[in-house]
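Q: Please take a close look at one part of this model, and then set that part in the context of the contacts around it.

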2 protein chains.
Amino acid sequence: MPETDKQKDFTRSRSEGYQVNLMARLFAHALQARIKPLGLSTGTFPVLLALWEREGQTQRELVTELGVEQATMANTLSRMERDGLITRRAHEADARVQTVWLTECAKGLEQAATEAASEVNDRAMAGLSDEERHAFAALLSKVIGNLSET
Amino acid sequence: MPETDKQKDFTRSRSEGYQVNLMARLFAHALQARIKPLGLSTGTFPVLLALWEREGQTQRELVTELGVEQATMANTLSRMERDGLITRRAHEADARVQTVWLTECAKGLEQAATEAASEVNDRAMAGLSDEERHAFAALLSKVIGNLSET
DNA sequence: TCCAATTAGATAGCTTGCTATTTAATATTG
DNA sequence: CAATATTAAATAGCAAGCTATCTAATTGGA
């Protein structure tokens with residue numbers, strides 16, 4: 001390709017960044033449709049997964065585990081408290097820290113919510129062989145690793 | 001796996017939806033770092049790509065082409081107008097329609113901006129063979145297709 | 001022709017994400 | 001011990017996405 005045509009070889013439809021953004025929005029849309037009836041939303045969902053696995057984590061721990069910014073987590077937790085999904089208790093040894101606990105309501109949603117998420121993943125991966133699904137997971141990890149460096 | 005363990009087989013770290021969301025945020029972060037010095041942002045970028053290819057499109061055409069909601073596009077175009085990237089002109093035949101045009105400033109950014117985006121894609125795909133990169137693109141298309149149905 | 005349906009776009013109001021800054025508490029070090 | 005660093009969390013303010021609703025213009029039928 002001649003040097004003068006160089007700026008033409010970038011097209012949106014073939015850009016991985018564009019496709020990834022579109023895919024993420026489609027995932028979120030599909031998940032939202034299934035968990036909205038449960039009173040959940042896409043932002044609260046990963047927090048709930050972390051807490052279903054281990055309750056009483058600090059905001060800092062959730063931030064590290066989920067890879068969002070501290071301010072994002074603070075806002076998400078505020079909404080979750082407002083909506084009756086979590087409560088916060090003072091840390092016994094460190095007055096800066098609050099620990100996060102699930103309400104009974106939130107505890108009761110685990111089964112239905114994880115089933116909804118599995119359904120979305122299965123639908124997204126429909127028609128892919130086991131090898132393709134594994135290849136996709138491996139490529140996701142690789143790309144995430146590449147973009148996470150420093 | 002026994003029936004009673006069923007709810008435990010969903011883990012965030014292995015959920016495609018979670019990984020895809022993380023990957024999309026990393027892509028956006030990497031792109032933002034490179035185009036912010038040009039006065040651009042991630043939301044305006046695909047609109048510019050579409051207009052660099054063909055100016056004078058209507059908002060409706062941009063919506064269809066980029067796969068965002070009409071309200072999202074309206075807001076994005078407002079910010080772009082505010083920031084001196086586009087102007088809008090009345091359509092000669094239909095008073096409901098406005099066509100979107102690039103400012104001289106926006107026209108001058110094409111080369112630098114597409115280079116920035118290529119750089120992000122290359123970094124994300126670093127260490128992948130040509131076959132892997134093609135496989136990734138094919139899987140993206142497949143998954144997008146699956147989630148786009150109806 | 002006129003009324004209903006459609007279409008283009010704007011607006012309201014929300015979530016989810018970000019950066020940057022602030023406040024308060026704890027840890028560290030001279 | 002006092003001054004400084006660091007750490008945890010909150011807050012301000014913005015971008016980018018969404019749904020839902022509204023207005024105005026155009027189109028299509030009866």
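A: In this predicted model, a good place to begin is Gln57(A), which, leaving aside residues up to four places away in sequence, touches Ala50(A), Leu51(A), Leu62(A), Glu65(A), Gln98(A), Thr99(A) and Val100(A). Gln57(A) lies in strand 1 of chain A, a strand that covers residues 57-58. With a relative accessibility of 1%, Gln57(A) counts as buried, because the limit for that class is under 20%.

The wider setting is a chain in two parts: chain A is divided into domain 1, made of residues 11-40 together with 117-150, and domain 2, made of residues 44-108. The contact between these domains draws 4 residues from domain 1 of chain A and 4 residues from domain 2 of chain A, and the centres of the two domains, taken over C-alpha atoms, are separated by 25 Å. About 330 Å² is buried between domain 1 and domain 2 of chain A, with carbon and sulfur atoms giving 89% of that area. On the side of domain 1 of chain A, Ile35(A), Leu40(A) and Ala117(A) lose the most area to domain 2, and together they account for 81% of what that side buries. The count of salt bridges between the two domains of chain A is 0, and the count of residue pairs in polar contact, with both residues at pLDDT 80 or more, is likewise 0. By class, the residues with which domain 1 of chain A touches domain 2 are 4 nonpolar, no polar and no charged.

The interface with the partner chain can be described in the same terms. Here 52 residues of chain A are in contact with 53 residues of chain B, and the area buried between the two chains is about 5,000 Å², of which 64% comes from carbon and sulfur atoms. Phe10(A), Glu16(A) and Leu147(A) supply 15% of the area that chain A buries against chain B, more than any other three residues. Between chain A and chain B there are 16 residue pairs in polar contact, counting pairs in which both residues are at pLDDT 80 or more. The elements of chain A that give two or more residues to the side touching chain B are helix 1 (16-35), helix 2 (44-53), helix 3 (59-66), helix 6 (110-124) and helix 7 (130-148). That side of chain A has 27 nonpolar, 14 polar and 11 charged residues.

Across the interface of chain A and chain B there are 2 salt bridges. In one salt bridge, the side chains of Glu16(A) and Arg133(B) meet at 3.0 Å, N to O, and Glu16(A), Arg133(B) and Asp122(B) are linked in a network of salt bridges.

Over all chains, the whole structure holds 18 salt bridges. Among them, Arg88(A) pairs with Glu81(A), their closest N and O atoms being 3.1 Å apart; Arg88(A) is partly exposed at a relative accessible area of 22%, and Glu81(A) is also partly exposed, at 35%. In chain B, the side chains of Glu81(B) and Arg88(B) meet in a salt bridge at 3.1 Å, N to O, and Glu81(B) is partly exposed, with a relative accessible area of 36%. Another salt bridge joins Asp83(A) to Arg82(A), with 2.8 Å between the closest N and O atoms. Asp83(A) counts as partly exposed at 43% relative accessibility, whereas Arg82(A), at 61%, is exposed because its value is over 50%.

Conventions
Residues are numbered from 1 along each chain as its sequence is written. Chains are lettered from A and ligands numbered from 1 in the order in which they are written. This is a predicted model: local features need pLDDT of at least 70, side-chain atom pairs count only at pLDDT 80 or more; totals for chains, interfaces and linings use all residues. Side-chain values use heavy atoms; hydrogens and water are left out. Helices (H or I, at least four residues) and strands (E, at least two) are DSSP runs, numbered from the N terminus. Buried means under 20% relative accessible area, exposed over 50%, partly exposed in between (1.4 Å probe, protein chains only). Contact means heavy atoms within 4.5 Å. Domain bounds come from an automatic or database domain assignment. Buried area is the accessible area (1.4 Å probe) that two parts lose on being put together, summed over both. A salt bridge is a side-chain nitrogen of Lys or Arg within 4 Å of a carboxyl oxygen of Asp or Glu. A polar contact is a pair of N or O atoms within 3.5 Å; within protein, one must be able to donate a hydrogen and the other to accept it, and residues adjacent in sequence count only if both atoms are side-chain atoms. Ala, Val, Leu, Ile, Met, Phe, Trp, Tyr, Cys and Pro count as nonpolar, Asp, Glu, Lys and Arg as charged, and the others, Gly among them, as polar.
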